[in-house]
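Please open the model in a viewer and keep the sequence panel beside it. The tour below proceeds by selection, and each stop states what is to be found there.

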Amino acid sequence: MGRIRVLVVDDHRIFAEALAAALAAEPDVEVGAAGSAAAAERALERAATEGRAYDVALIDADLGAGAAAPGARARPGAETAEEARRRPAPGVPPPRRAGGAPAAPGAAARPPEQLRTERPRVDQLRTDHLRAEQLRPAAPPPDGITLLGRLRRAHPGLRAVVLATADDPHRAARALHVGATGWVAKESSLARLLAVVRGVLRDETHLPPLLLTGVIRELTTARRDRTESERLVDTLTPREKQILRCMVAGLGRQAVAERLYLSPHTVRTHMQNVLGKLGVHSTLAAVAVARRAGVSPAEPAVPPSIASAP
């Protein structure tokens, strides 16, 4: 085997740089580092374009978790509330200098009583608007496991190993489901990590022994849920399965009626039968059961002009 190209993806810079340096000390390992999901995707694309694709990605399970306060972020370069309060308001003359001379020639004069009334109101409106801008919710960055799945889809030959601060069977099962081939605690030794890196390149899957039992339980539960969903879907008639596929595709009653050349009343009856047989009380719950059973959505309708073309 030639040199192993490893990409470390972790937004804790000190940890990422220390790990990269330790791995790079190995004679057969070449290392890159990325501090965010976007940087990782760029690094992988660039390496693939240059014909030097990475072999293994080591991805922090909690990538991006500390990037911002929950539900909000301050906009870069944004004016603070105190700066906004001190900035002159539009339509309100600047304060007078000592001696009574106006601060700016030509400023419109207003009665002192009006200024005393308007100024606090304008200040409050500006401060409220600024606070809303600074605390506007931002789209949360993808966590490490979500990123892992995305990278595996874009780069099927890439092996991905999760770096975690704690063993979590549910998250480990999720990581395996999206394509991870290893799970390593951050407190593990460098020798252990290198053994995992070399192992996944031999198509081995590496999990800590204490985590394995929990992961198997999670995967078994998920499989049991899928089996039960499949059993429920199998109780549907062929027509009801057609209706269910249309529901999975997000079609409403009228659209289903037009698609299957049925009356809306007949479609309504079929939908009620589907809900009853699946043991649910809403279309959303029926779609969830269908998804667990692997039911695919109905194909988009083909326009008549295309369908009749020679």
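A polar contact is a pair of N or O atoms within 3.5 Å; within protein, one of the two must be able to donate a hydrogen and the other to accept it. That criterion is needed at the first stop, where the backbone nitrogen of His12 lies 2.8 Å from a polar atom of the Asp10 side chain. The model is a predicted one.

**The whole chain**

Before going further, display the entire protein as a cartoon. The protein contains 13 helices and 5 strands. Of its 310 residues, 33% count as buried. The protein exposes about 18400 Å², of which carbon and sulfur atoms supply 57%. Among contacts between residues at least 6 apart in sequence, 71% join residues at least 24 apart.

**First stop: Asp10**

Select Asp10 and show its side chain. Asp10 sits in the loop between strand S1 (4-9) and H1. Is Asp10 buried or exposed? Its relative accessibility is 2%, so Asp10 counts as buried. Next, add the residues that surround it. Leaving aside neighbours within four places in sequence, Asp10 is in contact with Phe15, Ala16, Ala34, Gly35, Asp60, Leu63 and Lys186.

**Second stop: Asp60**

Asp60 appears in that list of contacts of Asp10, and it is the next residue to select. Asp60 belongs to strand S3 (residues 56-60). With a relative accessibility of 1%, Asp60 counts as buried. Which backbone nitrogen does the side chain of Asp60 reach? The partner is Asp62, at 3.1 Å. Beyond residues up to four places away in sequence, Asp60 touches Val9, Asp10, Asp11, His12, Gly144, Leu163 and Lys186. Lys186 may be left on display, since it is among the residues that touch Asp60 and also among those in contact with Asp10.

**Third stop: helices H1 and H7**

Now select residues 13-24, which form helix H1, together with residues 190-200, which form helix H7. The axes of H1 and H7 come within 11 Å and cross at roughly 70 degrees. H1 and H7 are therefore roughly perpendicular to each other, since angles of 65 to 115 degrees count as such. To see where the helices meet, show Leu19, Ala22 and Leu23 on the H1 side and Leu190, Leu193 and Leu194 on the H7 side. This contact comprises 6 nonpolar residues, no polar and no charged ones.

An α-helix has 3.6 residues a turn, so residues three or four places apart point the same way.

Keep H7 selected and colour its buried residues: Leu193, Leu194, Val196, Val197, Gly199 and Val200. Against which elements do the buried residues of H7 pack? They pack against S1, H1, strand S2 (29-34), S3, strand S4 (159-164) and strand S5 (182-185).

**Fourth stop: Asp203**

Follow the chain into the loop between H7 and helix H8 (209-234), where Asp203 is placed. The phi angle of Asp203 is near 65 degrees, a positive value in a residue other than glycine. Asp203 counts as exposed, because its relative accessibility is 63%.

**Fifth stop: helices H10 and H11**

Move on to helix H10 (253-260) and helix H11 (264-278). H10 and H11 pack at an angle of about 110 degrees, with their axes 9 Å apart. H10 is therefore roughly perpendicular to H11. H10 contributes Arg253, Gln254, Val256 and Ala257 to the contact, and H11 contributes Pro264, Val267, Arg268 and Met271. The residues of this contact divide into 5 nonpolar, 1 polar and 2 charged.

Within H10, select Arg253. Arg253 is partly exposed, with a relative accessible area of 41%. Apart from neighbours within four places in sequence, Arg253 is in contact with Pro264, Val267, Arg268 and Met271. A distance between C-alpha atoms may also be displayed here: those of Arg253 and Ser263, 10 residues apart along the chain, are separated by 9.3 Å.

**Last stop: Tyr261**

Finally, select Tyr261, in the loop between H10 and H11. Its phi is near 55 degrees, a positive value in a residue other than glycine. How does Tyr261 stand towards solvent, buried or exposed? Tyr261 is exposed, with a relative accessible area of 76%.

Terms used
Residues numbered from 1 in each chain as written. Predicted model: local features only at pLDDT ≥ 70, side-chain atom pairs only at ≥ 80, totals over all residues. Heavy atoms only, no water. Axes fitted to C-alpha atoms, helices over the stretch in contact; angles between N-to-C directions. Helix = DSSP H or I, 4+ residues; strand = E, 2+ residues; numbered from the N terminus. Parallel < 35°, antiparallel > 145°, perpendicular 65-115°, else oblique. Contact = heavy atoms within 4.5 Å. Nonpolar A, V, L, I, M, F, W, Y, C, P; charged D, E, K, R; others polar. Buried < 20%, exposed > 50% of the residue type's maximum accessible area, 1.4 Å probe, protein only. Areas by Shrake-Rupley, 256 points an atom, 1.4 Å probe, with all protein chains shown as cover.
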